[in-house]
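Let's take a walk through a protein model together. Keep the picture open while you read, and look up each residue as it comes along.

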Amino acid sequence: VDAAEAGDGEAAFTLGRSYLAGMPGLAPDALSAAVWFRRAAEGGHRGAMAALGEALRSGHGIRRDLQEGEAWTLAARG
């Protein structure tokens with residue numbers, strides 16, 4: 001968590017994936033996952049861009065926004 005909060009994109013992406021899957025003893029939290037995916041995506045992490053794009057397109061954990069979702073998905077492809 002400390003590394004993710006400090007701006008480490010890989011740590012933020014990993015934390016987002018952990019929230020999406022469910023932390024030990026906790027139910028999955030799609031909203032927290034989307035928050036961490038956005039932080040990592042805004043820092044240039046391609047995996048997070050793809051994950052955020054999917055969350056936005058599906059509305060899973062975040063308000064559905066097809067245009068923004070597609071933009072992040074395209075950005076992930078480079």
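## A walk through the helices

E10 counts as partly exposed, because its relative accessibility is 45%, which falls between the 20% cut-off for buried and the 50% cut-off for exposed. Before we follow E10 any further, keep in mind that this is a predicted model.

Where does E10 sit? Its place is in helix α2, which covers residues 9–21. To get a feeling for distances here, try pairing E10 with L20: the two are ten residues apart in sequence, and their C-alpha atoms are 15 Å apart in space.

Now zoom out for a moment. How many helices and strands does the chain have? The count comes to five helices and zero strands. Starting at the N terminus, then, you simply read α-α-α-α-α. The chain is as compact as a globular protein of its length, because its radius of gyration is 12 Å, close to the 12 Å that the globule rule gives for 78 residues. If you drew a box along the principal axes around the C-alpha atoms, it would be roughly 35 × 25 × 15 Å.

What about inside and outside? Of the 78 residues in the chain, 32% are buried. The chain exposes about 4,600 Å², and carbon and sulfur atoms supply 53% of that area. As for charge, there are 8 positive and 10 negative side chains, and the centres of the two sets lie 7 Å apart. Contacts also link parts of the chain that are far apart in sequence: among contacts with a separation of 6 or more, 38% are between residues 24 or more positions apart.

Back to E10, which has a partner. Which side chain does E10 join in a polar contact of 2.7 Å? That would be the side chain of H45. So let's hop over to H45, in the loop between α3 (30–42) and α4 (46–58). Is H45 buried or exposed? H45 counts as buried, because its relative accessibility is 15%, and the cut-off for buried is under 20%. The H45 side chain also reaches the backbone nitrogen of A48, at 3.0 Å. Not counting residues up to four places away in sequence, H45 touches G9, E10, F13 and A40.

Next, step back into helix α3 and find A41. With a relative accessibility of 2%, A41 counts as buried. Here's a nice one to check on your screen: A41 and G9 are 32 residues apart along the chain, yet their C-alpha atoms are separated by 7.5 Å. Which residues are in contact with A41, once you leave aside its neighbours within four places in sequence? They are A48, M49, L52 and W72.

Helix α4 is our next stop, and A51 is the residue to find there. Not counting residues up to four places away in sequence, A51 touches F13 and F37. The C-alpha atoms of A51 and A33 are separated by 9.2 Å, with their positions 18 residues apart along the chain.

Carry on past α4 and you come to I62, in the loop between α4 and α5. What does I62 touch, if you skip residues up to four places away in sequence? The list is A34, R38, L52, A55 and L56. You can also compare I62 with F37: they are 25 residues apart in sequence and 11 Å apart in space, C-alpha to C-alpha.

Our walk ends in helix α5 (residues 66–77), the place of T73. T73 is buried, because its relative accessible area is 10%, and buried means under 20%. A polar atom of the T73 side chain lies 2.9 Å from the backbone oxygen of G69. Leaving aside neighbours within four places in sequence, T73 is in contact with M49, G53, E54 and R57.

One last look back before you go. M49 is on the contact list of A41, and M49 is also on the list of T73. L52 turns up in the list for A41 and in the one for I62. F13, meanwhile, is touched by H45 and by A51. Find M49, L52 and F13 in the picture, and trace those contacts for yourself.

Note on methods:
Residues are numbered from 1 along each chain as its sequence is written. This is a predicted model: local features need pLDDT of at least 70, side-chain atom pairs count only at pLDDT 80 or more; totals for chains, interfaces and linings use all residues. Side-chain values use heavy atoms; hydrogens and water are left out. Helices (H or I, at least four residues) and strands (E, at least two) are DSSP runs, numbered from the N terminus. The radius of gyration is taken over C-alpha atoms; the globule rule is 2.2 Å times the number of residues to the power 0.38. Buried means under 20% relative accessible area, exposed over 50%, partly exposed in between (1.4 Å probe, protein chains only). Contact means heavy atoms within 4.5 Å. Accessible areas come from the Shrake-Rupley method with a 1.4 Å probe; for residues, only the protein chains shown count as cover. Lys and Arg count as positive and Asp and Glu as negative; His and the chain ends are not counted. The place of a charge is taken as NZ of Lys, CZ of Arg, CG of Asp or CD of Glu. A polar contact is a pair of N or O atoms within 3.5 Å; within protein, one must be able to donate a hydrogen and the other to accept it, and residues adjacent in sequence count only if both atoms are side-chain atoms.
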